[in-house]
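This report covers the nonpolar core, the disulfides and the aromatic pairs of one protein chain. The sequence and the model come first.

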Amino acid sequence: MDTFEYLTVSYVLITGIGMSRLFISLGTIVEERAVLEDKDKPKVHWMLTTWILLLIAIISLSWHAFYKWNLAYGSPAVQISPMTTLALTLLAGCFYINMELLSPEASEDGIIDMERHFSLIRPHMAMWVTASMLSMILVFLTFSYDVTGSYTQVYRTSTAAQLGLATNIVWILIVTPLYFPAHAVRDLAVVLTGFGMVVGMTLATPTYSILEDDTDLDGVNNTFDLCDDSDTWFWEEVDMFGCTFSQLDSNGDGNLDDDGDDVYDRFDDCPNTEQGDTVNNEGCSIESEG
């Protein structure tokens with residue numbers, strides 16, 4: 001297990017404990033609503049319940065993102081920095097505090113009042129969601145430095161990272177109304193916007209993950225794809241190396257290896273090698289090298 005895998009496992013463990021905390025609280029509420037008399041049943045508060053679901057969705061998507069990022073650290077040239085370690089730890093801590101805040105506790109008389117609980121934690125939720133989003137931005141910056149040597153390179157070149165930055169900023173704006181007292185219309189707008197964001201993130205994440213890993217969408221990962229423009233011949237099937245017949249048949253004569261040196265014409269730097277010559281990976285006669 002490399003360093004980044006170790007850190008992501010730690011991140012998943014911390015946030016997973018927080019999720020367990022949330023599910024235990026929800027389970028307690030469901031159980032009490034099932035077994036208690038009507039007058040004693042805890043009343044479900046839609047804002048608190050909604051924010052619990054939103055936070056679970058956000059953290060689930062972050063797990064997916066960090067799994068993808070781990071691939072970048074597979075290169076020996078990429079080393080995780082202390083700043084990335086700190087940023088990931090801060091992010092996990094902020095998310096855990098949010099989940100702790102959202103977990104309703106029973107009062108001294110054993111009654112769970114979800115509405116009162118949420119009214120008390122509103123400004124604190126806003127503050128810690130903002131801290132979570134700022135920590136996520138910091139993670140993007142340090143990740144960029146680890147992989148490219150520049151704190152802003154990933155934001156400048158990756159559409160997914162740019163969408164992530166915009167998403168983080170929008171979440172900071174979404175929680176701003178929580179600093180103020182409850183207001184039915186304003187709170188409903190916040191929740192609907194939040195759900196819209198989660199749906200958008202859920203739909204966009206797989207798409208941009210695919211685009212980053214398989215640019216021409218031919219089903220072959222970029223790492224193994226020798227023909228990165230298969231989308232030009234999208235009606236043809238690709239082989240295990242991501243190439244269609246038309247891509248390999250560079251002159252359109254129906255023969256993929258005109259000089260018979262076992263190097264496809266597309267990759268053959270010496271297309272007129274003499275029969276029987278031993279060639280290198282570029283299709284050039286080894287005897288003629290140098």
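Which residues have the most contacts inside the largest nonpolar core? They are Trp-51, Phe-95, Leu-102 and Trp-171, in a core of 54 residues. The model is a predicted one.

**Nonpolar core**

Seen by element, two or more residues of this core come from each of α1 (3-35), α2 (46-70), α3 (82-102), α4, α5, α6 (159-174) and α7 (184-213). Helix α2 gives the largest share, 13 residues. In soluble globular proteins, nonpolar side chains tend to be buried together.

Trp-51 serves as an example of the contacts. Leaving aside residues up to four places away in sequence, Trp-51 touches Leu-102, Phe-118, Met-125, Trp-171, Ile-174, Val-175, Leu-178 and Val-190. Two of these partners, Leu-102 and Trp-171, are themselves among the residues with the most contacts inside the core.

**Disulfides and cysteines**

How many disulfides does a search of the whole structure find? The search finds 2. A disulfide is a covalent bond between the sulfur atoms of two cysteines. With the bonded cysteines numbered in sequence order, the pairing is 1-2, 3-4.

One disulfide is formed by Cys-227 and Cys-243. Both cysteines lie in the loop between α7 and α8 (245-248), 16 residues apart. The other disulfide joins Cys-270 to Cys-284, and these two cysteines are in the segment after α8, 14 residues apart. The distances and torsions are set out below.

| Disulfide | S-S distance | Torsion about S-S |
|---|---|---|
| Cys-227 and Cys-243 | 1.9 Å | about 90 degrees |
| Cys-270 and Cys-284 | 1.9 Å | 85 degrees |

The link of Cys-227 and Cys-243 is right-handed because the torsion about its S-S bond is about 90 degrees. The link of Cys-270 and Cys-284 is also right-handed.

Are the cysteines of the first listed pair, Cys-227 and Cys-243, buried or exposed? Cys-227 is buried, at a relative accessible area of 0%, and Cys-243 is buried at 4%. In the second listed pair, Cys-270 is partly exposed, with a relative accessible area of 26%, whereas Cys-284 counts as buried at 13% relative accessibility. Buried means under 20% relative accessible area, so the two cysteines of this pair fall on opposite sides of that cut-off. Elsewhere in the chain, Cys-94 is buried, with a relative accessible area of 6%.

**Aromatic pairs**

The whole structure contains 3 aromatic pairs by the search, and two of them are described here. Phe-140 and Tyr-155 form a stacked pair, with 5.5 Å centre to centre and 25 degrees between the planes. This pair links distant parts of the chain: Phe-140 belongs to helix α4 (residues 114-148) and Tyr-155 to helix α5 (residues 153-157), 15 residues apart. Phe-140 is buried, its relative accessible area being 11%, and Tyr-155 likewise counts as buried, at 12% relative accessibility.

Why does the pair of Tyr-145 and Tyr-151 count as stacked? The planes of the two rings are at 15 degrees, and planes under 30 degrees apart count as stacked. The ring centres of Tyr-145 and Tyr-151 are 4.6 Å apart. Tyr-145 counts as partly exposed, at 37% relative accessibility. Tyr-151 is partly exposed as well, with a relative accessible area of 40%. Both stacked pairs thus have their own setting: Phe-140 and Tyr-155 are buried, while Tyr-145 and Tyr-151 are partly exposed.

Conventions: Residues are numbered from 1 along each chain as its sequence is written. This is a predicted model: local features need pLDDT of at least 70, side-chain atom pairs count only at pLDDT 80 or more; totals for chains, interfaces and linings use all residues. Side-chain values use heavy atoms; hydrogens and water are left out. Rings of Phe, Tyr and Trp (its six-membered ring) pair if their centres lie within 6.5 Å; planes under 30 degrees apart count as stacked, over 60 as edge-to-face and the rest as tilted. Helices (H or I, at least four residues) and strands (E, at least two) are DSSP runs, numbered from the N terminus. Buried means under 20% relative accessible area, exposed over 50%, partly exposed in between (1.4 Å probe, protein chains only). A nonpolar core is a set of buried Ala, Val, Leu, Ile, Met, Phe, Trp, Tyr and Cys residues joined through side-chain atoms within 4.5 Å. Contact means heavy atoms within 4.5 Å. A disulfide is a pair of cysteine sulfur atoms within 2.5 Å.
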